Amino acid sequence: MDYETILVERVGDVLKITLNRPERLNACPPNMALELANAVNDLDGARAVLITGQGRAFCSGADLAARGERSIAGGRGAYTALTQAYNPLMLALSRLPVPVVTAVNGPAAGVGCSIALAADFVLAARSAYFLQAFVNIGLVPDGGASWMLTRLVGKARATEMMMLGEKIGAEKAENWGLIYKAVDDAALMDEAMALASRLAAGPTVALGTMRQNLAKALEVDYASALLVEAEGQWAAGDSADAAEGGKAFLEKRKAAFTGK
């Protein structure tokens, strides 16, 4: 499928998506959010997703300049854009049955920060940074930021990011536990693709179930989490990859997972 604001390609079993508005630092208008949601919902057999940005930014946030006067015309338009475009994207990312990696090659601000942090593994170039800039323009974080940040780094640091609106560099983000890893700029894409390819070669049913179990564990009590794990183990245990994994263990060899 042809897209206007993103590039989509298959690299082996990895679906690579590149935000492609470099002249706007990959600012994300509603149509980009809709295209991203469509792309991640059309895996077509891909077993991992890698998202990055074209040029010198990952995503500078929603494109306020493109909205012109509408950006200062009140909150109804923002509410509509969130409920009809951005929120469906974030939910689509959260519900994917395969692992997601983001390669943050530059600024990840506003909703771009939320998109970056929605991945299972966030790799960031050392020159990159994360920014909740909403307070600087009299708005509040969106794209799931208030939910994600408190769970990733705790209330105090989430409050710092949201209420002070200051840049969090890649190395600080790694130290906080906000992201998986900060890497040298030149090595970012190679490391991200290597990780995504490793995940794509894994037991996809089990990895997808882990994604859902981790998300549910943030919301339910201990007893419920135990039941969720048991149900997930049932689903994973019935997969062809589980049978192959058990056989490989007994035969003392590396398992060859097919994603089924």
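Biologist: Of the contacts in the protein chain between residues at least 6 apart in sequence, how many join residues at least 24 apart?
Modeller: In this predicted model, 70% of the contacts between residues at least 6 apart in sequence join residues that are at least 24 apart.

Biologist: And what does the secondary structure of the chain come to?
Modeller: The protein chain comes to ten helices and nine strands.

Biologist: What about the radius of gyration, set against a compact globule?
Modeller: The protein chain has a radius of gyration of 19 Å, and because a compact globule with 260 residues would have one near 18 Å, the two agree. Along its principal axes, the C-alpha trace spans about 65 × 40 × 35 Å.

Biologist: What share of the residues is buried, then?
Modeller: Buried residues account for 44% of the 260 residues in the protein chain. As for the surface, the chain exposes about 13400 Å², and carbon and sulfur atoms supply 56% of that area.

Biologist: How many positive and negative side chains are there?
Modeller: There are 25 positive and 28 negative side chains in the protein chain, and the centres of these two sets lie 2 Å apart.

Biologist: Switching to the sheet with strands 5, 7 and 8: what is the pairing?
Modeller: That sheet is an open one of three strands in the order 5-7-8, and its pairing is mixed. Strand 5 (108-109) and strand 8 (168-169) stand at the edges with a single partner strand each, so one side of each has no neighbour in the sheet.

Biologist: Do strands 5 and 7 run parallel or antiparallel, and how many bridges join them?
Modeller: Strand 5 and strand 7 (residues 129-131) run parallel, and two bridges join them. Within this part of the sheet, Ala109 stands opposite Leu131 in strand 7.

Biologist: Now the backbone: what is phi of Leu25?
Modeller: Phi of Leu25 is near 55 degrees, which is a positive value in a residue other than glycine. Leu25 is found in the loop between strand 2 (14-19) and helix 1 (30-40).

Biologist: What is the relative accessible area of Leu25?
Modeller: Leu25 has a relative accessible area of 26%, so this residue counts as partly exposed, given that partly exposed covers the range between the 20% and 50% cut-offs.

Biologist: Where is Asp44, and is that residue buried or exposed?
Modeller: Asp44 sits in the loop between helix 1 and strand 3 (48-53), and because its relative accessibility is 66%, Asp44 counts as exposed. Although Asp44 is not a glycine, it has a positive phi of about 50 degrees.

Note on methods. Residues are numbered from 1 along each chain as its sequence is written. This is a predicted model: local features need pLDDT of at least 70, side-chain atom pairs count only at pLDDT 80 or more; totals for chains, interfaces and linings use all residues. Side-chain values use heavy atoms; hydrogens and water are left out. Helices (H or I, at least four residues) and strands (E, at least two) are DSSP runs, numbered from the N terminus. Buried means under 20% relative accessible area, exposed over 50%, partly exposed in between (1.4 Å probe, protein chains only). Two strands pair if DSSP finds at least two bridges between them. The radius of gyration is taken over C-alpha atoms; the globule rule is 2.2 Å times the number of residues to the power 0.38. Contact means heavy atoms within 4.5 Å. Accessible areas come from the Shrake-Rupley method with a 1.4 Å probe; for residues, only the protein chains shown count as cover. Lys and Arg count as positive and Asp and Glu as negative; His and the chain ends are not counted. The place of a charge is taken as NZ of Lys, CZ of Arg, CG of Asp or CD of Glu.
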